[in-house]
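Okay, hi everyone, thanks for making time for this. I'd like to walk you through a few spots in the structure I've been looking at, so let's put it up on the screen.

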Amino acid sequence: MTLPLLEVIDIKKYFPVGKESGSAAAGLVKAVDGINFSVYKGETLGLVGESGCGKSTAGRVILRLIEPTAGQIKFNGVNIEKLNFKQLLPYRRKMQIVFQDPYGSLNPRMNIGETLGEPLKVHGLVKNKAEMEKKVSYLLELVGLSPSHRKRYPHEFSGGQRQRIVMARALTLEPELIVCDEPVSALDVSIQAQIINLLKDLQKELGLTYVFIAHDLSVVKHISDRVAVMYLGKIVEISEKNELYDHPLHPYTQALLSAIPIPNPEVKKERVILTGDVPSPINPPSGCRFRTRCPKAMERCAVEEPVVKKIGAEHLVACHLLD
Amino acid sequence: MAKDLEIITGENQTEFGNMQEHTGLFKEFWRAFRKNRLSVISCIILLLIIISAVLAPLLATHDPYRINLAKELQKLPPSSEHYLGTDDMGRDVWSRMLYGSRISLVVSFLTMIISVTLGAAYGAISGYYGGRIDSLMMRVVDVLLSLPTMFLLIILAAFVKPNALGIALIIGFTSWMRVARLVRGQFLSLKEQEFVEAARALGYSNARIIFRHILPNVTAPIIVNATLMVASAILVESTLSFLGLGVQPPQFSWGSMLTNAQDLILLKEAPWTAVFPGIAIFLTVLSFNFFGDGLRDALDPKLKNIK
């Protein structure tokens, strides 16, 4: 088996809440509470879950945009969770991020040429201005924009175009891994497909690896090779995509998948309706975190936290039902 | 389907709003600014004042420093020879007004530069790093703001050379705290924006993120504040000069012209020696304030559609 490009081992991120300057924290939001996964070169790992389950936090922790509370992040076998600013720089080049909001992720005061040229300059990837212009033009063409756009400012572009610019910026440093944090959920449905296809084309062309964070299950199914399902800071199920969509084992995954609309009014579908809200991550339920909303919860679920079990070759689930 | 529709309309709304806010940044600004007549008039008055200060040697009819001991040349009322009369030492008030504006304006602009630079850098660091550094830095600001300004100015005035730069320094050091607070507040919200996170992901240094990425997005409120700062600096300089702590004779500003005119007998016999510098200070400060208000309304997108 090959070495994973990215390996995340038991990372945790707790945010203190109700903290006044100097005083002790009133509580901890356990946004990410011990997740493990690996991403292999050239594949796309989908990370799904409802709002507030910690998937975006997980994405930012991987890139060290948020410092993890505990755990290890291995990139190409090297631990990067403790590196300082200087030591981290070469890994910054290898890992990039695309954000959800195409309006907030570009500096409104810089034109596109500056936005794309700056990382090249900072990392010393170009020797002179002509070389930089050439690279910027290449990047713009790569994402389906015209090199003549480089003198324009972000406000002159539509949401979809901006997301293309954000992609181009992420590609300036020739990364191996890109974390896509809900890259299409702020876009028009018709534009979503274009951006998804662009992501797929770029992956094929440049051999990119994606961690694709989203809450739209059909989008995730379309782009991912493997899918991890998160609930309240933990991964409950992770598997190859067809296996997961055809044979979901965790009750939460089953409920999520039953919510995907089928564009055919004739087909009657059995819906698993979850009741109640997601419990607070400050004070998560004992035992299995999903038990308060699980239709199949048992006594054991309140006492004992389910461990991750391997079902089949690449299918991992954390649920007592499978014992 | 309903959900899809919602996404589409939501998207269109934000896109539309955004386009409206940004199309032709300067044109949009000018259209909004022009609407406020008071601030356009103020802007013109300020330009006239600045031009006359620059062209003082051309516009002055007499040597502003020249003292005439001859009784018949002292305390002359305004006439065609002395447009604004002469003071108790026979100096031409019109010429002195022109030259006096130079010190007043130079001091107030220097003050503005000092206090905006200091305040913006301080606020930027405090807001960007946040946490403990921020609380500590802001407590220092609180302490400085709680000291009586005039008291502080008078004490500081004893330690600096009473020239334009010295006075600008002490006024600047007592007035940067408000800029610091303003910039810090902006930084606190802007640093959460995704373009800042993207900058960190690209491996940019903190200095580059603060000065190249966040600060340019705070320029609008800083400019407005700087304008209002000039107005208050003119007032403070006049006050200091009036107390005799400003520039020392033979140099003079509008404020020190008022000091010379505070004698009650002189005020009775030659009121123009006090009235004209007073009007000049009043008009300049008022114009800067109206101009600042106009700038703020024109630059603040939230107020744009109210009028």
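Let's start on chain A, with K74(A), which stands opposite N79(A) in strand β5. Before I go on, please keep in mind that this is a predicted model.

So, how do the two strands here run? β4(A), residues 70-75, and β5(A), residues 78-79, pair in the antiparallel sense, over two bridges. They form a hairpin with two residues between them. Have a look at N76(A) in that turn: its phi is positive, at about 50°.

Now, β4(A) has another partner. Strand β1 of chain A, residues 6-17, runs antiparallel to β4(A), and five bridges join them. Here we meet K74(A) again, because on this side it is E7(A) that stands opposite K74(A). One general thing to remember when you look at strands: in a regular one, the side chains alternate between the two faces of the sheet.

Let's move along chain A to a helix. E114(A) sits in α3, which covers residues 112-122. Is E114(A) buried or partly exposed? It's partly exposed, because there are 16 other C-beta atoms within 10 Å, and being buried takes 20 or more. And how far apart are E114(A) and Y153(A) in space? From C-alpha to C-alpha it's 9.6 Å, with their positions 39 residues apart in sequence.

Okay, over to chain B, and to P64(B). You'll find P64(B) in the loop between α4 (56-59) and α5 (93-129). Why does P64(B) count as buried? Because it has 20 C-beta neighbours inside 10 Å, and 20 is where the cut-off for buried lies. If we leave out residues up to four places away in sequence, P64(B) touches R91(B), D92(B), S95(B), R96(B) and Y99(B). I45(B) is another story: it's 19 residues from P64(B) along the chain, and their C-alpha atoms are separated by 23 Å.

Last stop, the place where the two chains meet. Here 24 residues of chain B are in contact with 27 residues of chain A. On the chain B side, α1 (2-22), α6 (131-146) and α10 (194-201) each supply at least two residues. Which of them gives the most? That's α1(B), with nine residues. And what kinds of residues make up this side of chain B? They divide into nine nonpolar, eight polar and seven charged.

That's my tour, thanks for listening!

Note on methods. Residues are numbered from 1 along each chain as its sequence is written. Chains are lettered from A and ligands numbered from 1 in the order in which they are written. This is a predicted model: local features need pLDDT of at least 70, side-chain atom pairs count only at pLDDT 80 or more; totals for chains, interfaces and linings use all residues. Helices (H or I, at least four residues) and strands (E, at least two) are DSSP runs, numbered from the N terminus. A residue is buried if 20 or more other C-beta atoms lie within 10 Å of its own, exposed if 12 or fewer, and partly exposed in between; C-beta atoms are placed from the backbone. Two residues are in contact if their C-beta atoms, placed from the backbone, lie within 7 Å. Ala, Val, Leu, Ile, Met, Phe, Trp, Tyr, Cys and Pro count as nonpolar, Asp, Glu, Lys and Arg as charged, and the others, Gly among them, as polar.
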